[in-house]
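Me: I'm new to this structure and would love a close look at one part of it. Could you pick a place where two helices meet and walk me through it, with a little background on the whole protein?

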Amino acid sequence: MTRMAILGAGSWGTGLSVVLSQARKSHEISLWAHNRAQAEMLQNRRENSTYLAGVRLPDGIRVTHDMPTALASAQVVIGALPSVYARSVYSQALPSVTPEMIFVSATKGLEPATHLRISLVLAQVLEKAGNVKPAGRIAVLSGPVVLAAEDRALAGRLQEELSGPSFRLYTNDDVLGVELAGAMKNVIAIAAGACQGLGLGSNPLAALITRGLAEMMRLAAELGARPETLGGLAGLGDLVLTCTGALSRNRHVGIELGKGRKLAEILAGMRMVAEGVDTVVPLLALAREHGMELPITEQVDAILHRGRSPKDAIREIMDRPLKRE
């Protein structure tokens, strides 16, 4: 039996704990919640009514607020954390980390302060442990059906450990491409939501998603990712889901912005994090470091942080100079 710890008890972390309890191989799972009261509620009521109402936690999942308890004897540690908190939570975990632990980052964003992908943030934290070597011990979960690791043997082992009847995973060794896709698609989804909130119809939405994918592919290729990664499940697949799915938080933010609501008001009414909001600024900074233009991302930034109306921003995207596809 594999002992697993999941850090983060939001909708993503809670959902992962449920599907991993049903994996082909038996697991002992601990779910760590940053809030003590939330941890006690989950442990006693066996339902995350705040983030995943109506889904019962299997009896074998132990919920705790105590980090050493969550990580005790863990072989696999999965971080389902907002990007802005990833470094602090991994640093909190560091005293309980052992050289044998394998880490899986399930965060879809960039660290706002450094513009780093979260696997790199995790590697920096682990290097402080001295006796823990990050190389060959870090993987990335995105899509949520893509498991990426530079070490193919590690990816294959985790694929066998984590896959189950309702959770089929595909492996990839392009960690850079998978993480960039997971971060960028959230930003494009805000623009897609704005299109829908403005009532622009299916044709403009399809065009925006398609051009959003092209924008993602250009930056990813410039940074060294493989084009086929962006055209696969981690890129196109997750982009379509996030831009059209009813449960997409980033799409929801865009829809409400398109209807005329203010960002602060929208976020105040949300219990879950919309990663695209925090990803826009570091993503643009990363692009500028490499001399790249990201037209859709720039307009999302203008809506979120410079007071531009969604109507004017979407028109700016549509009115860009005519050219070949």
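Reply: Happy to! Helices and strands here are DSSP runs numbered from the N terminus, with at least four residues for a helix and at least two for a strand. Please keep in mind that this is a predicted model. Counted that way, the protein has 15 helices and ten strands. Its radius of gyration is 20 Å, close to the 20 Å that the globule rule gives for 325 residues, so the protein is as compact as a globular protein of that length. Along the principal axes, the C-alpha atoms fill a box of roughly 60 × 40 × 35 Å.

Of the 325 residues, 54% count as buried. The accessible surface is about 14300 Å², and carbon and sulfur atoms account for 51% of that surface. Among contacts between residues at least 6 apart in sequence, 71% join residues at least 24 apart.

Now for the close look. Helix 8 covers residues 202-223 and helix 14 covers residues 295-305. Their axes come within 8 Å and cross at roughly 105°. Angles of 65 to 115 degrees count as roughly perpendicular, so helix 8 is roughly perpendicular to helix 14.

Which residues meet where helix 8 and helix 14 touch? From helix 8, look for L208, R211, G212, E215 and R218. Their partners in helix 14 are P295, I296 and T297. Sorted by class, this contact of helix 8 with helix 14 has three nonpolar, two polar and three charged residues.

Definitions and conventions
Residues numbered from 1 in each chain as written. Predicted model: local features only at pLDDT ≥ 70, side-chain atom pairs only at ≥ 80, totals over all residues. Heavy atoms only, no water. Axes fitted to C-alpha atoms, helices over the stretch in contact; angles between N-to-C directions. Parallel < 35°, antiparallel > 145°, perpendicular 65-115°, else oblique. Contact = heavy atoms within 4.5 Å. Nonpolar A, V, L, I, M, F, W, Y, C, P; charged D, E, K, R; others polar. Rg over C-alpha atoms; globule rule 2.2 N^0.38 Å. Buried < 20%, exposed > 50% of the residue type's maximum accessible area, 1.4 Å probe, protein only. Areas by Shrake-Rupley, 256 points an atom, 1.4 Å probe, with all protein chains shown as cover.
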